[in-house]
Amino acid sequence: QKMGKNKALSTLKIATGGDHSQHNRWLLKYLSFGSIILRYKREFRMKCSRVISFGDGKDEANAMAEYSKEYNIPCIHFEFVRHPTIKQLDDQWEYIHKKFDKLLVK
């Protein structure tokens, strides 16, 4: 369920104490990931047992580390290369392709 722009801005203001600076940007990711996880927990009527995330920024990694710690859920984070070449992008996806099935059944 979408909350709308005004509600989102209000939530962000509350979460960051009005500080929209770079050091609090990970909170945006945290709120987004939490919302997505909640949606699928409700849809599948299951608890979240593991999170696998992909990203090229520190904000994604920080948000998932914090979520993992707070809710005691294992998180595997694949840190991508920032601004990759096509070859690097291909290599990253090939690596994930090889590892992903094993990570799902752990």
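Where is Q92 found? Hold on to that one for a second, everybody. Q92 is found in helix α4, and I'll come back to its surroundings towards the end. Before anything else, please remember that what you see above is a predicted model.

Let me start with the layout. The protein chain has 4 helices and 2 strands. Going from the N terminus, the elements come in the order α-α-β-α-β-α. The chain has 106 residues, and 25% of them count as buried. On contacts, take those in the chain with a separation of 6 or more: 56% of them are between residues 24 or more positions apart.

Now to the inside. Which residues make up the largest nonpolar core? There are 8 residues in it: Y30, I37, C48, V51, A63, M64, Y67 and I73. Two helices, α2 (26-44) and α3 (58-71), each supply at least two residues of this core. Of the contributors, α3 gives the most, with 3 residues. If you'd like a residue to click on, try I37, which touches C48, V51 and Y67 once you set aside residues up to four places away in sequence. There is also another core lying apart from the largest one, with 5 residues, including I52, F78, F80 and I96.

Since α2 and α3 both feed that largest core, let's look at how these helices meet. Their axes come within 8 Å and cross at roughly 55°. That angle makes α2 oblique to α3. As for handedness, the crossing of α2 and α3 is right-handed. On the α2 side, the contact is made by W26, K29, Y30, F33, G34 and I37. Facing them from α3 are D59, E60, N62, A63, M64, E66, Y67, E70 and Y71.

Two names in that contact take us to the aromatic rings. The count here comes to 9 aromatic pairs. One of them is Y30 with Y67, a tilted pair with 5.8 Å centre to centre and 55° between the planes. Why does this pair tie together parts that are 37 residues apart in sequence? Because Y30 lies in helix α2 and Y67 in helix α3. Both partners are on the inside, too: Y30 is buried, with a relative accessible area of 14%, and Y67 counts as buried at 6% relative accessibility.

Here's another tilted pair, F54 and W93, with 5.9 Å centre to centre and 35° between the planes. This pair also links distant parts of the chain, with F54 in strand β1 (residues 51-55) and W93 in helix α4 (residues 86-105), 39 residues apart. Are these rings buried or exposed? Somewhere in between: F54 is partly exposed at 32% relative accessible area, and W93 counts as partly exposed at 46%. And F54 and W93 have company, as ring pairs link F54, F78, F80, W93 and Y95 into a cluster.

While we're in strand β1, have a look at S53, which lies in that strand. At 7% relative accessibility, S53 counts as buried. Leaving aside neighbours within four places in sequence, S53 is in contact with M64, C75, I76, H77 and F78. From S53 to F33 it is 20 residues in sequence and 9.6 Å in space, C-alpha to C-alpha.

For contrast, here's another serine. S49 lies in the loop between α2 and β1. With 54% relative accessibility, S49 counts as exposed. Even so, S49 is in contact with I73 and P74, leaving aside neighbours within four places in sequence. S49 and N72 are 23 residues apart in sequence, and their C-alpha atoms are 9.0 Å apart in space.

And now, as promised, back to Q92. Is Q92 buried or exposed? Q92 is buried, with a relative accessible area of 11%. Which residues does Q92 touch, not counting residues up to four places away in sequence? They are F80, V81 and P84. You have met F80 before, both in the second core and in the ring cluster.

That's my tour of the model, so thanks for listening!

Notes
Residues numbered from 1 in each chain as written. Predicted model: local features only at pLDDT ≥ 70, side-chain atom pairs only at ≥ 80, totals over all residues. Heavy atoms only, no water. Core = buried A, V, L, I, M, F, W, Y, C linked by side-chain atoms within 4.5 Å. Buried < 20%, exposed > 50% of the residue type's maximum accessible area, 1.4 Å probe, protein only. Contact = heavy atoms within 4.5 Å. Phe/Tyr/Trp six-rings, centres within 6.5 Å; stacked < 30°, edge-to-face > 60°. Axes fitted to C-alpha atoms, helices over the stretch in contact; angles between N-to-C directions. Parallel < 35°, antiparallel > 145°, perpendicular 65-115°, else oblique. Left-handed = near helix turned anticlockwise from the far one by under 90°.
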